[in-house]
Amino acid sequence: MNTHSPNQLFTNHTYTLFAEVLIPLALPKNFTWAVPDHLKEAVQPGIRVEVVLGKNKKYAGLVKKTFTEKPEAFNPKPILNVLDDVPLLHPEQLAFWEWIADYYMCTEGEVMQAAIPSNLKLSSETVLMWNDSYEDEMIELDDEEFMVAEALNLKKELRLNEVQQILDASHVYPVIKRLIEKQVCLVWEELKEKYKEKKETYVILQPAYHKEEALADLLNNWQQYKAPKQMELLMAYIHLQRTQGEVSQPELLKKSGATAAQLKGLVEKNILRTEKRAVDRIGSLPKDVIIDFELSPLQQQAAEKIETLFDEKQVCLLHGVTASGKTQVYVKLIEAFIRKGKQVLYMLPEIALTTQIIRRLQKHFGGNISIYHSKFNPNERVEIWNKVKSGEARIVLGARSAVFLPFRDLGLIIADEEHDSSYKQQEPAPRYHARDAAIYYASLFQAKVLLGSATPSIESYTNAQQGKYGLVQLMERYGNVAMPQIEIVDVKRVIKKDHSKVMLTPELHQAITQSLHDKKQIILFQNRRGYSPYQICGVCGWIPQCKNCDVTLTYHKSKNKLACHYCGTTYPVIYTCSACGSNRFIQKNFGTEKIEEMITEAFPDARTARMDYDSVKGKHDHDNLIKLFEQQKIDILVGTQMVVKGLDFEHVNLVGILDADGILNFADFRVNERAYQLMEQVSGRAGRKDGLGKVMIQVSNTEHPVLGFVQQHNYQQLFQYEMENRQRFFYPPFARIIQVIFKHKDQLIAEEAAQHMVNGLKKDFGPYVFGPANPVVNRIRNQYLSELLIKLPRKAPLIQQCKLQIAQQITIINATKRYSSVHIIPDIDPV
DNA sequence: AGCACGCCGACT
DNA sequence: GTCGGCGTGCTC
């Protein structure tokens, strides 16, 4: 047993109230602090409190609940201070956090970390203070100590990062320790509120000159001041004040071209005065709701059906083909809910990339809409947080992190593009799926959830088919526009001398020529970036692979490098085969870079551009490229999946899928679902307005069933096909690997995890795949992989893909320190 | 996350 | 012999 430390003796008062406090750290369970008598009233669930954890680190923790039984196992430290007078959130959010932590196997602290804007979770900063009673000579100090002491003597206070600058080494801490020992300084832990109201200085005319005559008098007798510039400034002020009412200092100075000194002159003359005021960072638009369109009969039906279904179902799936006008249905529903006084959350994956939808919603709901995503600056996020909490914000348009906002009267959550995998957070914990979490979150408010997609995920579709969710379909394009005509082009007939793949069939070439002639735009889709994703030694068949990942390396011509698209490592180009020494490499396949080059050659008069991860690295590159394409300054756009993300282009009448084999043989566990989704989304780009679009799919395996489903836009059959295939090839192995991992569990945590897993498996689709990171798991993995090779049907490429995929997924699991969850198998039942 | 404690390699 | 690397464990 530990002996009593002085600290313990000191704090061992007779406290009668205790609080469970969340700290934004990965603590295995929540800690308890004692509530001193004078804070008893103020400490409530949802209030932030200042507490010490460890030696002297201070945190702003969040009170989860209070209780009176004194803990037996330890001596709680007292809460130092209360930071809020109003709770930071509502009880629903705390319940939600608890669920997330449980369901996604992480700590509540980690959830808190993800949920709260960074400016609301403070932790202390070490501040060094000069010790006034220190009088000895500085001679005893070594060089480093002396430098710090001298700076401290001058400034009396130093922050830790300032000390780091002085010493520019990592040796900051030992030096400070010695200085404390020598009583040169004291340390202080400072907890600072990071959120700052934005203050702006406004300029106001002194009341003495409010009357016209007084002002005219002043201007007529200006000569006495000998300050013509100040008069100009005053005139500018009067003009601004008359035209817009409020005048801010920066605006006034900018518009008048005057200096701050000149303004100061006027203030000193008691003509103007200045005042600091807190302002909103979020520019406010008028809070009108303008619905200036009529739903088509089909949309009207869909909207009505959704509302009826909501009477008995909590969740509804709106399956609407691209260009069917789902957004308009959403707008009507949002309107209905806000008229009932409810708040609405509209979630979109990767909102930072979708300016089109923001503009559309702002047009209808103006200032009622707030936008929230992780790229917002921290102060703005705090402001939105508070507005949602108070109920001032009625509609929030946000990315997955918006599910954590403290809604009060939540009525509806819309998860648009619900199939999109970026709803799943992979790293760091909490590894939540925002669509599933939203369903649980909504249930806490008795709120409704609408999932929308042109290509629903298998799990949502299953739920709808089984009657758990309502299902509403919108299978025709808005305004009776026809679905695009889909043409499948066999590339087997065209064989090249070196057996490399055909990029451009005569059919597609002809179609592009026609489109260009008609002054229309063309999208060419290829699911691989880089120049050549597959190089093989022409003599021995050796393929360059990444050292870390076993992934084949892609050649990037512009950078003249080989790159691994899994981990990002780059390698110099290989000219000589490492296996046999020959220098005959064949570039087997093609990526967007090579296509762009080829298209530029084949259509020298057309304006060609490329959109992929490599070409839109910069912050605005993506937006700019889209704008150029919208304005028809580009004729042919070559790109990866990026070109299909929720964009509407009016003048596109041809979409080419250059290598559909590459999609159909995806190394993925949900091969056909993904393939179908991709093809459907790509083809949805063509002929949105006039229905005159055409999609050409170049493929060698023309018999692949998915192609048939795509041609008929037949989701039902695809779904059946997918279920059968996944169960046969993919499902049992994963159920097995999970079982094997947990049979060999050797940590307590795995016990807990296994319980979750069993629950998941009972439903046949468990949400977790995880395991403790240790050599045992590695051994099992290897053992398992060799087993897999025997059990799977002997279709070599498929085995390769399974092997690669399992290796990659397990790598993710092992790379995580303790355990992790990977959303490989879809959640069917989040509640 | 910090920070302490503790156990092995290159240096005043 | 020590300084310092980071592996492990604990913090109410």
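## Two DNA strands and a helix pair

DNA strand B is surrounded by Leu25, Lys55, Lys57 and Tyr59, where a residue counts as near a strand if one of its heavy atoms lies within 4 Å of it. By class, these residues are two nonpolar, no polar and two charged. Here Ala, Val, Leu, Ile, Met, Phe, Trp, Tyr, Cys and Pro count as nonpolar, Asp, Glu, Lys and Arg as charged, and the others, Gly among them, as polar.

A quick word on the model: it is predicted, so local features need pLDDT of at least 70 and side-chain atom pairs count only at pLDDT 80 or more, while totals for chains, interfaces and linings use all residues. Residues are numbered from 1 along each chain as its sequence is written, chains are lettered from A and ligands numbered from 1 in the order in which they are written, and side-chain values use heavy atoms, leaving out hydrogens and water.

Now for DNA strand C. Twelve residues surround this strand, and the closest are Thr32, Leu53, Gly54, Phe74 and Lys77. Of the strand C atoms that come within 4 Å of the protein, 55% belong to sugar and phosphate. The surface near strand C has seven nonpolar, four polar and one charged residue. Strand S2 (31-34) gives the most to it, with three residues. (Strands are DSSP runs of E, at least two residues; helices are runs of H or I, at least four; both are numbered from the N terminus.)

Here are some polar contacts with the DNA, meaning pairs of N or O atoms within 3.5 Å:

| Protein atom | DNA atom | Distance |
|---|---|---|
| Tyr59, polar side-chain atom | strand B, phosphate oxygen | 3.4 Å |
| Trp33, polar side-chain atom | strand C, sugar or linking oxygen | 3.5 Å |
| Gly54, polar backbone atom | strand C, phosphate oxygen | 3.3 Å |
| Lys77, polar side-chain atom | strand C, phosphate oxygen | 2.5 Å |

What about the helices? Helix H2 (residues 91-103) and helix H15 (residues 434-444) have axes that come within 10 Å and cross at roughly 145°. Those axes are lines fitted to C-alpha atoms over the stretch in contact, with angles from 0 to 180 degrees between N-to-C directions. In H2, the residues meeting H15 include Phe96 and Trp99, and their partners in H15 include Tyr440 and Leu444; contact means heavy atoms within 4.5 Å. This contact has eight nonpolar, one polar and two charged residues.

Finally, the rings. The count comes to 13 aromatic pairs, with rings of Phe, Tyr and Trp (its six-membered ring) pairing if their centres lie within 6.5 Å; planes under 30 degrees apart are stacked, over 60 edge-to-face and the rest tilted. One tilted pair is Phe96 with Phe404, 5.7 Å centre to centre and 45° between the planes. Phe96 sits in H2 and Phe404 in the loop between strands S14 (395-398) and S15 (410-416), 308 residues apart.

Notes
A polar contact is a pair of N or O atoms within 3.5 Å; within protein, one must be able to donate a hydrogen and the other to accept it, and residues adjacent in sequence count only if both atoms are side-chain atoms.
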